Amino acid sequence: MSASKLIRLQAIRKTYRVGVLEVPAVRGVDLDVDHGEYLAIMGSSGSGKSTLMNLIGCLDTPTAGTYELDGRDVSKLGEDDLAAVRNRQVGFVFQTFNLLPRSTALQNVELPLVYAGCSATERRDRAARALERVGLADRTHHKPNELSGGQRQRVAIARALVTEPALILADEPTGNLDSLTSREIMALLGELDQDGRTIILVTHEPDIAAYTRRIIRLHDGRVIADESHEPTH
Ligand SMILES: Nc1ncnc2c1ncn2[C@@H]1O[C@H](COP(=O)(O)OP(=O)(O)O)[C@@H](O)[C@H]1O
Ligand SMILES: [Mg+2]
């Protein structure tokens with residue numbers, strides 16, 4: 001068994017069908033990730049980064065190949081089981097933050113706990129702690145439009161953390177941020193790495209990938225390089 005690996009992808013393929021056209025987005029990827037790794041998936045636009053990330057995050061299932069997450073084969077699960085795996089095991093951070101605009105920071109961070117069936121008190125406590133963890137204890141009642149871009153991304157990171165997932169996935173987390181704010185967000189992700197979290201981020205920016213400890217390069221849906229290195233910060 002491979003229970004010691006958090007992620008084990010074997011011969012993973014994803015082909016989208018658009019009308020009669022077949023688009024092979026991921027074309028045979030093998031990838032193992034240990035608990036506690038911090039890695040970046042790089043590649044030019046269209047190389048399959050988001051598709052691979054969606055597969056790893058159980059937002060989608062592969063056309064072929066097997067995916068074991070924490071020792072469990074999740075490659076053939078149906079939508080309900082996949083949703084349950086996502087809720088328990090994965091925290092997502094997106095380029096566009098994806099916060100509910102009419103809800104406060106606290107309510108946004110509570111949301112995954114609503115789906116997890118936690119009581120109202122527990123939700124509030126845990127969400128407040130997650131917001132404190134990302135340095136936003138004094139912004140809990142602000143709505144997204146009352147926060148800066150960097151603060152919004154911190155709220156999204158708190159939301160990703162609040163369920164204590166095995167894995168945090170971030171697709172271009174600094175793509176909508178200026179360079180100073182990007183560095184702050186990367187410093188925060190670095191702290192979460194130090195806490196022992198497993199983090200996978202997608203980026204096409206070498207400066208951002210340099211914060212991680214391992215870089216996977218995709219080209220036309222295949223892994224063309226897999227290198228470990230010392231993080232720059
Ligand atoms: N939902 C989809 N339906 C059809 N084709 C898609 C879909 N999503 C992505 N693709 C195609 O798959 C390829 C990889 O896309 P994507 O994973 O988004 O790459 P990246 O994130 O590296 O830019 C591209 O050719 C893209 O056009
Ligand atoms: Mg993408």
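**Close-up 1. Four strands, β2-β1-β4-β5, make an open sheet with antiparallel pairing.** At the edges sit β2 (21–34) and β5 (72–73), each of which pairs on one side only. Like everything in these views, the sheet comes from a predicted model.

**Close-up 2. Here's where β1 meets β4, an antiparallel pair held by 5 bridges.** The strands involved are β1, covering residues 5–18, and β4, covering residues 64–69. For one of the partnerships, look for R13: its bridge partner in β4 is A64.

**Close-up 3. Helix α1 lies across β1, β2 and β4.** This helix takes in residues 49–56. Relative to β2, α1 runs at about 60°.

**Close-up 4. Ligand 1 and the residues around it.** Going along the chain, the shell takes in Y16, V18, V23 and A25, then G43, S45, G46, S47 and G48, and finally K49, S50 and T51. Three elements, β1, β2 and α1, each give two or more residues to this shell. The top contributor is α1, with 3 residues. As for chemistry, the shell splits into 7 polar residues, 4 nonpolar and 1 charged. So which elements from the earlier views turn up again here? β1 and β2 from the sheet do, along with α1.

**Close-up 5. Helix α5, residues 149–161, checked for length.** How far apart should the ends of a helix with 13 residues be? At 1.5 Å a residue, α5 should span 18 Å, and its end C-alpha atoms are indeed 18 Å apart, so the two agree.

**Close-up 6. The surroundings of α5.** Is this helix largely enclosed or not? It is largely enclosed by the rest of the structure, because 11 of its 13 residues are buried. The buried stretch reads Q151, R152, Q153, R154, V155, A156, I157, A158, R159, A160 and L161. An α-helix has 3.6 residues a turn, so residues three or four places apart point the same way. The packing partners of the buried α5 residues are two strands, β6 (90–94) and β7 (167–171), plus three helices, α3 (105–115), α4 (120–133) and α6 (179–194).

**Close-up 7. D178, in the loop between β7 and α6.** Is D178 buried or exposed? It counts as exposed, because it has 12 C-beta neighbours inside 10 Å, and the exposed class covers 12 or fewer. Also worth a look is T232, 54 residues away from D178 along the chain: the C-alpha atoms of these two are separated by 19 Å.

Note on methods. Residues are numbered from 1 along each chain as its sequence is written. Chains are lettered from A and ligands numbered from 1 in the order in which they are written. This is a predicted model: local features need pLDDT of at least 70, side-chain atom pairs count only at pLDDT 80 or more; totals for chains, interfaces and linings use all residues. The expected span of a helix is 1.5 Å times one less than its number of residues. A residue is buried if 20 or more other C-beta atoms lie within 10 Å of its own, exposed if 12 or fewer, and partly exposed in between; C-beta atoms are placed from the backbone. Two residues are in contact if their C-beta atoms, placed from the backbone, lie within 7 Å. Two strands pair if DSSP finds at least two bridges between them. Axes are lines fitted to C-alpha atoms, for helices over the stretch in contact, and angles run from 0 to 180 degrees between N-to-C directions. A residue is near a molecule or strand if its C-beta atom, placed from the backbone, lies within 6 Å of it. Ala, Val, Leu, Ile, Met, Phe, Trp, Tyr, Cys and Pro count as nonpolar, Asp, Glu, Lys and Arg as charged, and the others, Gly among them, as polar.
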